[in-house]
Amino acid sequence: QVQLVESGGGLVQPGGSLRLSCAATGSIFSAASMGWYRQPPGKQRDFVAAIAGNGVTTYADSVKGRFTISRGNAKNTIYLQMNKLQPEDTAVYYCNAYISTAQGMAGSWYWGQGTQVTVSS
């Protein structure tokens, strides 16, 4: 049973910073890609950032230069450092990962339960 557990959301003032964490647990052989999506109130879920197994990162244009995705020292853990937060960054942030549970077995996409980030004065 694979689970993605997010933490680090909260309320922050405009211009502030937050760091989100996501840990993948369970029977994991490999996590080829891990990343973040977000869903603002009443809107669709959109891509934010991702990091591949080789460390290559990609970002949505709206967060480039402000957000940084990285892998932790603990295996299958990622972080999203969010700086210069603005009200439009308010959303539920979801961790996403492509995980294979055994050698030679095709992977599947998994989602975390989401963590709320609210940017408001």
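In the predicted model, 4 strands form an open sheet whose order is E1-E3-E8-E7, and the pairing within this sheet is antiparallel. Its edge strands are E1, which covers residues 3-7, and E7, each of which pairs on one side only. On average, and with direction ignored, neighbouring strands of the sheet are turned by 15 degrees against each other.

The pairings within the sheet can be followed from strand to strand. Strand E1 and strand E3, the latter made up of residues 18-25, pair in the antiparallel sense over 5 bridges. Two positions illustrate this pairing: Gln3 has Thr25 in E3 as its bridge partner, while Glu6 stands opposite Cys22, which also belongs to E3. On the way to the next strand in the order, E3 is joined to E8 by 6 bridges, and these two strands likewise run antiparallel. Here Leu20 stands opposite Leu80 in E8.

Cys22, already met as the residue opposite Glu6, also takes part in a covalent link. The count of disulfides in the model comes to 1, and this bond is formed by Cys22 and Cys95, whose sulfur atoms are 2.0 Å apart. Because Cys22 lies in strand E3 and Cys95 in strand E9, the pair ties together parts that are 73 residues apart in sequence. The torsion about the S-S bond of Cys22 and Cys95 is about -80 degrees, and the disulfide is therefore left-handed. Both ends of the link fall below the 20% limit under which a residue is called buried: Cys22 is buried because its relative accessible area is 1%, and Cys95 is buried because its relative accessible area is 0%.

A further residue in contact with Cys22 is Asn76, which is placed in the loop between strand E7 (67-71) and strand E8 (77-82). Although Asn76 lies in a loop, it counts as buried, because its relative accessibility is 13% and the limit for this class is 20%. When neighbours within four places in sequence are left aside, the residues in contact with Asn76 are Cys22, Ala23, Ala24, Ile28, Ala31 and Met34. Of these, Cys22 is the residue that also forms the disulfide with Cys95.

The loop that follows E8 offers another residue to consider. Lys84 is placed in the loop between E8 and strand E9, the latter spanning residues 91-100. Lys84 counts as exposed, because its relative accessibility is 55% and a residue is called exposed when this value is over 50%. The backbone of Lys84 also deserves a remark, since Lys84 has a positive phi of about 50 degrees although it is not a glycine.

Between the buried and the exposed residues described so far stands Ser108, which is located in strand E10, a strand of residues 108-111. With a relative accessible area of 35%, Ser108 is partly exposed, because this class holds the values between the limits for buried and exposed residues. Apart from neighbours within four places in sequence, Ser108 is in contact with Ala97, Tyr98 and Ile99. Ser108 can also be set against a position far back in the sequence: Ser30 is 78 residues away along the chain, and the C-alpha atoms of Ser108 and Ser30 are separated by 11 Å.

Key: Residues are numbered from 1 along each chain as its sequence is written. This is a predicted model: local features need pLDDT of at least 70, side-chain atom pairs count only at pLDDT 80 or more; totals for chains, interfaces and linings use all residues. Side-chain values use heavy atoms; hydrogens and water are left out. Buried means under 20% relative accessible area, exposed over 50%, partly exposed in between (1.4 Å probe, protein chains only). Contact means heavy atoms within 4.5 Å. Two strands pair if DSSP finds at least two bridges between them. Axes are lines fitted to C-alpha atoms, for helices over the stretch in contact, and angles run from 0 to 180 degrees between N-to-C directions. A disulfide is a pair of cysteine sulfur atoms within 2.5 Å.
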